Amino acid sequence: MHDDELVALMHDLESDLVERKEAFTDPDRVRQAICAYANDLPRHGKPGVIYIGVKDDGSCANLPITDELLIKLANLRSDGNILPFPVITVEKRVLDGCSVAVIIVEPSQDPPVRARGQVWIRVGPRRAIATREEEQRLTERRRAANLPFDIREAPTASLEDLDIDLFQRTYLPAALPEAVLEQNQRTVSEQLASMRMATAAKTPRPTVLGVLVLGIDPRQYVPNSYIQFLRIDGTELSDPITDQKEIDGAIPDLLRALDMALEAHISVATDLTGSVEVHLPDYPLPSLQQVTRNAVLHRSYEGTNAPVRIYWFSDRIEIQSPGGPFGQVNRENFGKPGVTDYRNPHLAEAMKNLGYVQRFGIGIQIAKRELEKNGNPPLEFQVEETQVLAIMRRRLP
C-alpha cells in the first residue's frame, strides 16, 4: 500500500479496516486482529491494517520502531498460534512524520482462520469471536479453484472413510480450546468442514487433509501416503537388506509407527571411561524425528506415486522427500533460519495441533543442533527440482 493510503487510513477513525496500538504489549490482541482481518467477514475484499505506534485518536505515540520489534511482529505469522497461516507484510513506515510499524493483512482464501483455536471477526469497529452461524458463513466461502491440494476434495471418498472417533476424541480437543468445545453444537459434518477435513457442500466429502489425518485407509485415496523404510547392511542399495517395511495409516498412526521404527534401529553405546556412565546413540532421535516429519509435511502429495523413503545404511541415513523446494524456498536458501514456506499449509496446521510440530520453521535448526551435540557430522541436503534428499551420517566412535 502507498504511503498516502496508509496516512488516510491512519486518520480515519470510522474505518473498520484499521486498528491502532500505542505499543506492542499484548501479542494475543494483535494476533486476534490479524485473524479478524484475514477472515474478512464483511467481505471488504481489502487488506486490514494494524498500526503499532499510533494512538486511538490517530496521533503519533512516538514509539521507537526497532528491528527487534519488526522481527517480533513478523514472527506472529508463523509461530503456530494463527492457523492456517495468514498473508501479512510487516514494514516500518514514516507517515505524517511519525515512525510506525505497519502490519498489512490480506483476506484469506481459506477461512476460517483461528488465533489460538478461536475464530475472530470484525463486528463494526470492534473484534469478536465468531458465532456458529458466522463461522459457517466463512467455511462456505472457500473458493475451490484456488485451494491448496491438501484441502481439495478427495475423489470417491465419503465421510464413512474417516475415523470420526479419532476426530472427536483426539483431534478436536487438541485443536480447540476447552471453552469452544463446551459450547459446540455443530453437527459432525459441520465440525469436519470447519477443521478442513471435509468440504462445506450440501453433501460433504472428505478433503485430502481429512483422508491423510483421519482416514481409515488413506492409501486407498492418496496412494503415495506412506513411508518406505529399508535397513541395509552396507553402504550401497545393492547390499543385503536386514529390515524393510511400509509405514502407513492416518497421520497420528503413521508418525507413531515411524517413531517406533526409528527408536528400534538406533544403536546406543556406553562410555565407561569417565566417572559417569554416558550413553551415546549413533543418531540422536530428535534429529531423526525433525527431518522425517519434515519429509512427511513438506512432500508433494500431488502428481507423484512416490512415498517418502528412509534408507538406513551402515554409515548414514538417507531421507528422500518427493517434491522440490516450494514457494519462497529455493536451492540457495534451503535450510536457512527464517526461510520457510508450505506446500501443505493445512497439514502443517494438523501436525501442529497433534503435537508433532512445536514451532514452524525451526525443525532443520533443531536437527542440526542435536547432531552437533551428539558428535555426528553436519546434516547434508541435496535439493533438486523434484525431490529433497537429507543425509544424516553416523556418529564417529
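The lining of the largest cavity comprises 21 nonpolar, 12 polar and 5 charged residues. The model is predicted. In this model, the largest cavity holds about 610 Å³ of space. A total of 38 residues line the largest cavity. Those nearest its centre are Asn294, His298, Phe334, Thr340 and Ile364. Four elements each supply at least two residues of this lining: helix H10 (285–298), strand E14, helix H12 (363–374) and strand E16 (387–393). H10 gives the most, with 7 residues.

The structure holds 3 cavities of 30 Å³ or more. The second largest cavity contains about 70 Å³ of space. Its lining divides into 8 nonpolar, 3 polar and 1 charged residue. The lining runs through Leu212, Asn224, Ser225, Tyr226, Ile227, Gly249, Ile251 and Leu254, and includes Val296, Arg299, Tyr301 and Val308.

Strand E14 spans residues 316–322 and includes Ile317. Ile317 has 0% relative accessibility and therefore counts as buried, the cut-off being under 20%. Leaving aside residues up to four places away in sequence, Ile317 touches Tyr283, Leu288, Ile310, Tyr311, Trp312, Ala390, Ile391 and Met392. Ala61 lies far along the chain from Ile317, with their positions 256 residues apart in sequence. In space, the two C-alpha atoms are 55 Å apart.

Open pockets were examined next. The largest pocket offers about 480 Å³ of space. It is lined by 23 residues, and Phe85, Val87, Asp110, Pro148 and Pro345 are the closest to its centre. By class, the lining of the largest pocket has 12 nonpolar, 6 polar and 5 charged residues. The second largest pocket encloses about 400 Å³. Of its 15 lining residues, Ala74, Asn75, Ser78, Gly338 and Thr340 are the closest to the centre. The lining of the second largest pocket divides into 4 nonpolar, 7 polar and 4 charged residues. Thr340 was also named for the largest cavity, among the residues nearest its centre.

A search of the whole structure finds 1 disulfide. A disulfide is a covalent bond between the sulfur atoms of two cysteines. Here the partners are Cys60 and Cys98, with an S to S distance of 2.1 Å. The link is right-handed, with 75° about the S-S bond. It connects distant parts of the chain, 38 residues apart. Cys60 sits in the loop between strand E2 (48–52) and helix H3 (67–75), whereas Cys98 belongs to strand E5 (residues 98–105). The two ends also fall into separate exposure classes. Cys60 is partly exposed, at a relative accessible area of 24%. Cys98 is buried, at 3% relative accessibility.

Helix H2 covers residues 27–39, 13 residues in total. From first C-alpha to last, H2 reaches 18 Å, close to the 18 Å expected at 1.5 Å a residue. Of its 13 residues, 10 are buried, so H2 is largely enclosed by the rest of the structure. The buried residues are Val30, Arg31, Gln32, Ala33, Ile34, Cys35, Ala36, Tyr37, Ala38 and Asn39. For Cys35, the relative accessible area is 0%.

Asp40 follows just after H2 and takes a positive phi of about 45°. This is a positive value in a residue other than glycine. Asp40 lies in the loop between H2 and E2. Its relative accessible area is 8%, and it is buried. A positive phi also occurs at Arg196, at about 70°, although Arg196 is not a glycine. Arg196 is placed in the loop between helix H7 (188–194) and helix H8 (208–214). Arg196 is buried, with a relative accessible area of 0%.

Cis peptide bonds complete the account of the backbone. One joins Leu83 and Pro84, with omega of about -10°. Pro84 is in the loop between strand E3 (82–83) and strand E4 (88–95). Another cis peptide bond joins Pro111 and Pro112, where omega is about 5°. Pro112 is found in the loop between E5 and strand E6 (114–115).

Notes: Residues are numbered from 1 along each chain as its sequence is written. This is a predicted model: local features need pLDDT of at least 70, side-chain atom pairs count only at pLDDT 80 or more; totals for chains, interfaces and linings use all residues. Side-chain values use heavy atoms; hydrogens and water are left out. The expected span of a helix is 1.5 Å times one less than its number of residues. Buried means under 20% relative accessible area, exposed over 50%, partly exposed in between (1.4 Å probe, protein chains only). On a 1 Å grid over the protein atoms alone, a cavity is a set of points where a 1.4 Å probe fits but cannot get out, and a pocket is an open set with protein on both sides within 12 Å along at least five of seven lines; lining residues have an atom within 4 Å of a point. Grid points are joined across faces, edges and corners, and a volume is the space filled by probe spheres set on the points. Ala, Val, Leu, Ile, Met, Phe, Trp, Tyr, Cys and Pro count as nonpolar, Asp, Glu, Lys and Arg as charged, and the others, Gly among them, as polar. Contact means heavy atoms within 4.5 Å. A disulfide is a pair of cysteine sulfur atoms within 2.5 Å.
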